[in-house]
Amino acid sequence: MLANHNIPTKPMRQTPVMFQRLQELVRYRELVRNLVVSELKARYKASVLGFVWSLLNPLAMMLVFTVVFSFLLTDKNRVEKYPLFLLCGLLPWNYFTAAVMGSVQSVVGNANLVKKVYFPREALPIAGVLAQLVNFLLAFIVLFAALLIFRAHFSPWLWLLPLVILIQTCFALGIAFILSTLNVFYRDTMMIMDVIMLAWFFLTPVVYSAEAFPRAYQLLGYIVDVRRWAYILNPMASLINMYRDLLFLGSRTDLDFFLRTTITALVVLIFGYWFFIRYSDRFGEEL
Amino acid sequence: MSVIRNAKATPGQPLIELHHVSKRFAMHRERHRSFQESFIRIFRKSHTAQDEFWPLRDVSITIYPGDCIGIIGRNGSGKSTLLKMISGILPPTSGDLTVSGRISALLELGAGFHPDLTGRENVYLNGSIYGISRQKMSQIIDKIIDYAELGDFIDTPIKHYSSGMYVRLGFAVAIHTEPDLMLVDEVLAVGDAAFQRKCMDSIQLYRRQGGTLLLVSHDLGAIQAICNRVLWIEDGVIQAEGHPTDVMMSYQRYYAELEEARQLAHQDPQDDSEKSSKQRWGTGQIRVTKVELCDAKGEAHINFRTGDPMTVRLHYEAKGAIEEPIFGLAIHHQQGTHICGPNTKFGGLTLPLVEGSGIISYVIPSLALLAGGYLLSIAVINQNNTETFDYHDRTITFHVYPGDSQEQYGLVTLNGVWQREFDPILTPPVTEKYYAR
């Protein structure tokens, strides 16, 4: 955690640069908006159902997982109202995957823009993540419909939801900055990320409950609280847990996890942004 | 190295300042684009030599608001790299770069367009790349669509556009967003003649309104017509900068000399006697063994400028004594038009008897030919034009480059002088305004 404090302040000459870049980005907010719109438009342009897919897709996935896991999960691990439980985890996870995988290609895929016109390059990954955010928000229609159908308990803590979404967006954006930069120099990033995201999916309690992690596990003579460590090491586990707390259980979420995840997300975001602007000058000649 | 970009231009201050700016590209023999290759490289320890390439070296220029700079130079001389650095696409390797104001750049065909979006959507996207708000774009979009002459195509995805349509739309957006600085790299050449004229008119208007322009073009005429300064870049170095006529003169002289050296190096000394019979015939009683095109100092060249003096010297050898031969020459334009055919008889020079070897010369005080490639034929015939001693049919080529003459149309200049004559009856009294200057 100490190292986290170093990142924004250590390179003294970088701070004003980062600030300048942020100012420039604000001037170009219209471009970010247009890139988001064009990405959404381009995605659904040739499809018959258009944006309805944003709703159909999570529904279909919910169906698949429910069917599969009703066979796989033992009685011990069975979760009440499984489709709802699943949806509360699957939607945020889908948002995260789509945002990360979409923005890995955001700079490379727009090579003709980057090579031929100037604009703050960070607009590309930002637009990539924001386009997915729009999709995610659309999918909440499905989620709230499911909440009503399952007569879930709407708690007053629901107002925390926008904050959780914001934290997740910051985290996804930070990762998007790092990966989109790496992908310019090493195209393998994309391939590696395919595998990593798959592993990450199974390590995160999306289709199963975090209860499956043992509280106390004997490892090399130490008693390890696997569940706690899973949350600490995997910000996505904490994030999805928060969504479940707020939406599925209708309870308040753990302040401890909440703060830690916030800090992690901000650190990743600031480091990612610093990393991105450090190398973005070279994009024009590397592509 | 420092790069400063100001969003707004300060009045009276330069828009662009480059101090000793250089740019280096590393030319990877093989590009190590993947982890695998990088990994292998660690073990091989083969240091793949990275060739360096400097598209620009030590460039310093200052551009003030209202300037219109034409940039000339051969392909690969660094012109586009310069524009890309000014626009911000490439960072300089060393030197200081300061750019102020809002830039529109037309560097490549369809740059800043998204192929899946319609023309209209792309206008907004392109506008936001130039930093224009959606609100402002909505006000000018009708003008843009009208200007680009796209008609119903404006609501078609632009991947279906022709290259001319790309350029029209790109230029329409760039010029209507009223940038402080506009960078144009040769793309206008894609449009048809009518649109090019329209572009030129718009650029003139943009300039009159105080706009600043950097224009890369191979069309020297266009540059001469709009620019107040010209920058000549060769091998990444600024060769000359200044008044358009001066820079273009030295540019053209440089290429004329280069071309000359190249052609002289390729010339076969025995060329003369080995010409194919199709281009060379005659009885051979008099042979023209060598033809020289000389300048005022008597030095042989193959490149001249309009208005230069030129002397054609014919070296001949005669077998025996020939009575009253006629030496003549003919000049054809490279596209075939026969321009003139002077000879000694027309010129009033009688050669009673020709024996052995000698030189006949035709002196042109001021070359009337306009820029282009020309072919020279030589003939030696007898008095009655019944016998051809030697004939070189269009065997000698030479080039004419524009000199001080501004004339562009046709093949020759008649060296006429334009005057205004005042008819006391028809002309209304001239107001003082005419003499104000």
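A residue is called buried here if 20 or more other C-beta atoms lie within 10 Å of its own, with C-beta atoms placed from the backbone. The structure on display is a predicted model, and this tour moves through chain B, across to chain A, and ends on a single residue.

**Stop 1: strand 7 of chain B**

Select residues 181–185 of chain B, which form strand 7. By the criterion above, five of the five residues of this strand are buried, and strand 7 is thus mostly covered. Show the side chains and turn the view about the strand: B:Leu181, B:Leu183 and B:Asp185 lie on one side, B:Met182 and B:Val184 on the other. Both faces of strand 7 of chain B are covered.

Now add the two partners of the strand. Strand 6 of chain B, residues 103–106, runs parallel to strand 7 of chain B and is joined to it by four bridges. Strand 8 of chain B, residues 212–216, also pairs with strand 7 of chain B in the parallel sense, over five bridges. Which residues should be labelled to follow B:Val184 into strand 8 of chain B and to find its counterpart there? The bridge partner of B:Val184 in strand 8 is B:Leu215. Towards strand 6, label B:Leu106, which stands opposite B:Val184.

**Stop 2: chain B as a whole**

Zoom out and colour chain B by secondary structure. The chain has nine helices and 19 strands. Of its 437 residues, 32% count as buried. Among contacts in chain B between residues at least 6 apart in sequence, 74% join residues at least 24 apart.

**Stop 3: the open sheet of chain B**

Select strands 12, 14 and 17 of chain B. These three strands form an open sheet, in the order 12-14-17, with antiparallel pairing. Strand 12 (286–294) and strand 17 (353–364) of chain B stand at the edges, and each has a single partner strand, so one side of each is left without a neighbour in the sheet. Viewed across the sheet, neighbouring strands are turned by 15° against each other on average, direction ignored.

Keep strand 14 of chain B, residues 310–323, and strand 17 of chain B in view. Their antiparallel pairing extends over eleven bridges. To locate one pair in the register, label B:Leu314 and its bridge partner in strand 17 of chain B, B:Ile360.

**Stop 4: helices 3 and 4 of chain B**

Next select helix 3 of chain B together with helix 4 of chain B, residues 134–148. The axes of these helices come within 10 Å and cross at roughly 130°. That angle makes helix 3 of chain B oblique to helix 4 of chain B. The crossing is right-handed.

Display the side chains where the helices meet. Helix 3 of chain B contributes B:Val123, B:Tyr124 and B:Gly127, and helix 4 of chain B contributes B:Arg134, B:Met137, B:Ile141 and B:Ile144. By class, this contact has five nonpolar, one polar and one charged residues.

**Stop 5: the contact between the chains**

Bring chain A into view. The contact takes 27 residues from chain B and 21 residues from chain A. On the side of chain B that touches chain A, helix 2 (79–87) and helix 3 (119–129) of chain B each supply at least two residues. Which element of chain B supplies the largest share of that side? It is helix 3 of chain B, with five residues. Coloured by class, the residues of this side of chain B divide into 13 nonpolar, eight polar and six charged.

**Stop 6: helices 8 and 9 of chain A**

Hide chain B and select helix 8 of chain A with helix 9 of chain A, residues 161–185. The two pack at an angle of about 140°, with their axes 9 Å apart. Helix 8 of chain A is therefore oblique to helix 9 of chain A. Their crossing is right-handed.

On helix 8 of chain A, label A:Leu124, A:Pro125, A:Ile126, A:Gly128, A:Val129 and A:Leu133; these meet A:Thr169, A:Ala172, A:Leu173, A:Ala176, A:Phe177 and A:Ser180 in helix 9 of chain A. The contact has nine nonpolar, three polar and no charged residues.

**Stop 7: A:Ala139**

Finally, centre on A:Ala139, which lies in helix 8 (residues 123–149) of chain A. Is A:Ala139 buried or exposed? A:Ala139 is buried, with 22 other C-beta atoms within 10 Å. Leaving aside neighbours within four places in sequence, A:Ala139 is in contact with A:Ser54, A:Leu55, A:Pro58 and A:Leu91. As a last distance to draw, A:Ala139 and A:Leu158 are 17 Å apart, C-alpha to C-alpha, and 19 residues apart in sequence.

How values were computed:
Residues numbered from 1 in each chain as written. Chains lettered and ligands numbered in written order. Predicted model: local features only at pLDDT ≥ 70, side-chain atom pairs only at ≥ 80, totals over all residues. Contact = placed C-beta atoms within 7 Å. Nonpolar A, V, L, I, M, F, W, Y, C, P; charged D, E, K, R; others polar. Pairing = 2+ DSSP bridges. Axes fitted to C-alpha atoms, helices over the stretch in contact; angles between N-to-C directions. Buried ≥ 20, exposed ≤ 12 C-beta atoms within 10 Å, placed from the backbone. Parallel < 35°, antiparallel > 145°, perpendicular 65-115°, else oblique. Left-handed = near helix turned anticlockwise from the far one by under 90°.
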